[in-house]
Amino acid sequence: MFTPIAGRAVVVTGGTRGIGKGIAAVFAGAGARVLVTGRDEAAARTAADEVGAAGYMAADVSRKADCEKVAAAAAERLGGLDVLCANAGVFPSARLGDLAEDDIDRVLGVNLKGTILTVQACLPLLRASGHGRVILTSSITGPVTGYPGWTHYGASKAGQLGFMRTAAIELARDGITVNAVLPGNIMTEGLAGLGDDYVNGMTAAIPMRRLGTVEEIGHTVLFLATDEAGYITGQTIVVDGGQTLPESPEAVS
Ligand code: NAP
């Protein structure tokens with residue numbers, strides 16, 4: 001039996017839809033007080049209402065000032081911060097030969113720099129918590145696998161893990177753990193936008209023959225936020241229905 005996390009203060013970046021909304025729903029369902037963020041304030045308000053979050057706000061993780069505003073809002077509205085879910089991310093596709101400098105800047109700016117800025121801004125609150133938890137949403141793409149069109153994305157997601165390992169060491173004495181969840185293919189609004197061919201191709205490559213749900217990621221994040229996971233830091237958990245296991249297409253046929 002895990003110690004309840006009811007009442008804990010939680011921030012979920014990119015919580016307005018998809019995986020972030022699923023994480024927010026799982027934490028709110030467990031009685032935590034959740035602040036949902038995203039760039040679209042109306043979407044954040046709707047998501048917060050739907051999942052029973054304590055609050056919402058518009059913030060762009062690629063902007064330092066916005067990350068500081070999120071930390072200030074957590075202090076003001078939640079009275080502090082125990083769990084930071086750095087989830088916001090983008091995954092536009094472009095082959096290496098066509099990749100524009102702006103594409104690289106945007107993907108690294110949101111996914112990698114945004115992760116660092118978010119954690120940095122929340123550090124004082126996480127230290128004050130006494131049991132601070134940082135859970136990053138990385139990906140199998142980059143750390144474990146590759147996929148055409150995602151050189152920049154894969155680099156950003158692998159880069160999050162490089163950040164995580166040193167942050168975990170630096171913050172260990174503050175009682176803060178820093179871990180990452182690596183989702184496989186999870187059915188979200190963002191992923192649906194990649195089209196039916198992508199979704200069908202991925203489904204065929206997954207031994208469980210289905211995409212994951214946002215709640216399955218949410219529950220993994222919730223586990224990493226528990227007191228009982230307090231000795232786990234700098235680690236990754238792959239949640240992919242076995243997608244990264246097959247050695248060949250025949251292994252899943
Ligand atoms: P999604 O449905 O497109 O949702 C992305 C969320 O991030 C939205 O709430 C979006 O809200 C927010 N966001 C985007 N840019 C932002 C920014 N600059 N500042 C703040 N918030 C921002 O995507 P998803 O599929 O749920 O993916 C969520 C995370 O999981 C990403 O880090 C992604 O790389 C990772 N992931 C997803 C999958 C998958 O299969 N779906 C697999 C592996 C990893 P706004 O647009 O309003 O800002």
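Modeller: In this predicted model, a cavity is a set of grid points where a 1.4 Å probe fits but cannot get out. About 30 Å³ of space lies in the second largest cavity.

Biologist: What makes that number a volume?

Modeller: A volume is the space filled by probe spheres set on the grid points. For the second largest cavity this space comes to about 30 Å³.

Biologist: How many cavities of 30 Å³ or more does the count give?

Modeller: Two. The largest cavity has a volume of about 50 Å³.

Biologist: Why are some residues called the lining of the second largest cavity?

Modeller: A lining residue has an atom within 4 Å of a grid point. Thr13, Val61, Ala86, Asn87, Ala88, Val110, Gly114, Thr115 and Thr118 line the second largest cavity, so each of them has such an atom. Helix H4 gives the largest share of this lining, four residues.

Biologist: Which residues line the largest cavity?

Modeller: Its lining is made of Thr13, Thr37, Ala59, Val61, Cys67, Val70, Thr118 and Cys122. Helix H3 (64–78) and helix H4 (101–129) each supply at least two of its residues.

Biologist: What makes Cys67 and Cys122 nonpolar here?

Modeller: The class rule counts Cys as nonpolar, so both residues fall in that class. By class, the lining of the largest cavity has five nonpolar, three polar and no charged residues. The lining of the second largest cavity divides into four nonpolar, five polar and no charged. Gly114 in that second lining counts as polar, because the rule puts Gly among the polar residues.

Biologist: Why is the site of the ligand called a pocket?

Modeller: A pocket is an open set of points with protein on both sides within 12 Å along at least five of seven lines. The ligand sits in the largest pocket, which means that more than half of its atoms lie within 2 Å of the grid points of that pocket. Helix H1 (18–29), helix H5 (151–171) and helix H6 (189–192) are the elements that give two or more residues to the shell around the ligand. H6 gives the most, with three residues.

Biologist: What is the volume of the largest pocket, and what lines it?

Modeller: About 930 Å³ of space lies in the largest pocket. Of the 45 residues that line it, Gly89, Val90, Phe91, Thr188 and Gly190 are the closest to its centre. Two or more lining residues come from each of H1, H4, H5, H6 and helix H7 (196–205). The classes are 19 nonpolar, 19 polar and seven charged.

Biologist: What makes a backbone atom of Asn87 a polar contact of the ligand?

Modeller: A pair of N or O atoms must lie within 3.5 Å. A backbone N or O atom of Asn87 is 2.8 Å from an oxygen atom of the ligand, so the pair qualifies. At Val61, a backbone N or O atom lies 2.9 Å from a nitrogen atom of the ligand, and at Gly14 one lies 3.2 Å from an oxygen atom of the ligand; both pairs therefore pass the cut-off. The protein covers 96% of the 880 Å² of accessible area that the ligand has on its own.

Biologist: Which residues come nearest to the ligand?

Modeller: Of the 31 residues around the ligand, those are Thr16, Arg39, Tyr153, Ile186 and Thr188. The shell divides into 11 nonpolar, 14 polar and six charged residues. Arg39 is one of the charged residues, because Arg belongs to that class.

Conventions
Residues are numbered from 1 along each chain as its sequence is written. This is a predicted model: local features need pLDDT of at least 70, side-chain atom pairs count only at pLDDT 80 or more; totals for chains, interfaces and linings use all residues. Side-chain values use heavy atoms; hydrogens and water are left out. A residue is near a molecule or strand if one of its heavy atoms lies within 4 Å of it. A polar contact is a pair of N or O atoms within 3.5 Å; within protein, one must be able to donate a hydrogen and the other to accept it, and residues adjacent in sequence count only if both atoms are side-chain atoms. Accessible areas come from the Shrake-Rupley method with a 1.4 Å probe; for residues, only the protein chains shown count as cover. On a 1 Å grid over the protein atoms alone, a cavity is a set of points where a 1.4 Å probe fits but cannot get out, and a pocket is an open set with protein on both sides within 12 Å along at least five of seven lines; lining residues have an atom within 4 Å of a point.
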